[in-house]
Amino acid sequence: MDKNFKEEFRQIIKFEPPLYKQRHQFVKDLVEKYKPKKVADLGCADCSLLWMLKFCSCIEVLAGLDICANVMKEKMHTLSPLPVDYLQPSERSLTITLHHGSVAHKDPCMLGFDLVTCIELIEHLEESELKKFPEVVFGFMAPSIVVISTPNSEFNCLLPRVMLYRHPDHKFEWSQAEFQSWALETARCYDYSVEFTGVGHPPKGMEKVGFCTQIGVFFRKCPQTGESVQSEKPMEAVYKTVFKAVYPSLKDEKYLQNAVISEVIFTAQIIKHRLMSKREEYSDDPERKSKFQLSMDYFSDYLGKLVVEKNMEPFVSGNVVYIPLTTIFSFPKVNRLCGTFEKLCKLIAGKVTLSSDGSAVMFNIEHENEEN
């Protein structure tokens, strides 16, 4: 390579968006494609990838592991639920856990994951740790998909201020051939296939240099059996849990009940408002008012023993408005939250004012009339 040509690129090369964001976006795109429910990030560091992944609706369990507890603790608060998460619980469950430990050790808390990411991790491992790494990740954890990214040493000649390695803690940096050789052998040993790609495109005319960050995506060929996992499961945990957050979810009946009660009251208020507006329209016309009053008197005769039939309209009797539960249940959001009419009745029992037979929500409008 021409020295002057190389020096020119050293001065102008710049990645937009930044390379770390490209790596994170690569993982996010993979998650959106394969929809894993349980994802573990090994070498999670400042938790920035975990923070991005927590917004992926398919994920129900997120776990991070790092050898440096202090780095995780500085940013782990970003993974905690916000007030809005309690005000508007998600329909999915989500648990996020951070562990302090080494990827060279096996721990049962890391079993059962669908996707494991190792983003810019392996180059930080000592030789002894790197030897144990494949057995821990591919043999013991055995997820369906593993993503490993690492610097491509062939690209270093285009990066300013890089003399040997890109980071002082790197123990090695592989060329494309070295990484692919290691990845193919690892895949063969543990019955995985592997696809190679990367992020950080080289400048035009320098395609042979390859991506700045090289990536291997491993896919397990055969499903992991429960027996094989159990046989390798260690007796004791070796990682220390430093953080755990359980997000409010509509799968938790406590949060579901609160959401249903709020939605029932909100829906009933809307129906009541429409009914009262219609009643005022009738009151402006003597003839229509007379017909409206006859209708109200009819309902009053059956008050106390009334069983509200399906599709019955809301009605007013005296100072009380009755909104049939069947009408409320027909609203899409209430229907989606409850699933069945029986569950709606169960969730609001004792929490919402109902008619004597439990078939309608009641509102006393006496005070509203006095204010008007």
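On a 1 Å grid over the protein atoms alone, a pocket is an open set of points where a 1.4 Å probe fits, with protein on both sides within 12 Å along at least five of seven lines; its lining residues have an atom within 4 Å of a point. Grid points are joined across faces, edges and corners, and a volume is the space filled by probe spheres set on the points.

These views show a predicted model, where local features need pLDDT of at least 70, side-chain atom pairs count only at pLDDT 80 or more, and totals for chains, interfaces and linings use all residues. Residues are numbered from 1 along each chain as its sequence is written, and side-chain values use heavy atoms, with hydrogens and water left out.

**View 1. The largest pocket and its lining.** By that recipe, the volume of the largest pocket comes out at about 910 Å³. Its lining takes in 36 residues, and A45, I119, E120, E123 and H124 sit nearest the centre. Helix 2, helix 3 and strand 2 (61-66) each chip in at least two lining residues, with helix 2 giving the most, three residues. (Helices are DSSP runs of H or I with at least four residues, strands are runs of E with at least two, and both are numbered from the N terminus.)

**View 2. The eight-stranded sheet.** Reading across this open, mixed sheet, the strand order is 6-7-5-4-1-2-3-8; strands pair if DSSP finds at least two bridges between them. Strand 6 (192-199) and strand 8 are the edge strands, each pairing on one side only. On average, neighbours in this sheet are turned by 15° against each other, direction ignored. Strand 2 and strand 3 run parallel and are joined by six bridges, and D66 stands opposite H100 in strand 3.

**View 3. Helices on that sheet.** Helix 2 packs on the sheet and touches strand 4, strand 5, strand 6 and strand 7, its direction making about 20° with that of strand 7. Helix 7 (residues 176-189) lies across strand 5, strand 6 and strand 7, running at about 155° to strand 6. Contact here means heavy atoms within 4.5 Å, while axes are lines fitted to C-alpha atoms (for helices, over the stretch in contact) and angles run from 0 to 180 degrees between N-to-C directions.

**View 4. The largest nonpolar core.** L53, I59, L98 and V147 touch the most other members of this 42-residue core. A core is a set of buried Ala, Val, Leu, Ile, Met, Phe, Trp, Tyr and Cys residues joined through side-chain atoms within 4.5 Å; buried means under 20% relative accessible area (1.4 Å probe, protein chains only). Helix 2 (19-34) and helix 3 (48-53) are among the elements giving two or more residues, and helix 2 has the largest share, five. Leaving out residues up to four places away in sequence, L53 touches V27, K28, V31, V39, I59 and L62. A second, separate core has 32 residues, including A40, V103, A142 and V146.

**View 5. The three-stranded sheet.** Here the open sheet runs 9-10-11, with antiparallel pairing. Strand 9 (315-317) and strand 11 (360-364) are at the edges with a single partner strand each, so one side of each has no neighbour in the sheet. The twist averages 25° from one strand to the next. Five bridges link strand 10 (residues 320-324) to strand 11, and M362 in strand 11 is the bridge partner of Y322.

Notes:
Buried < 20%, exposed > 50% of the residue type's maximum accessible area, 1.4 Å probe, protein only.
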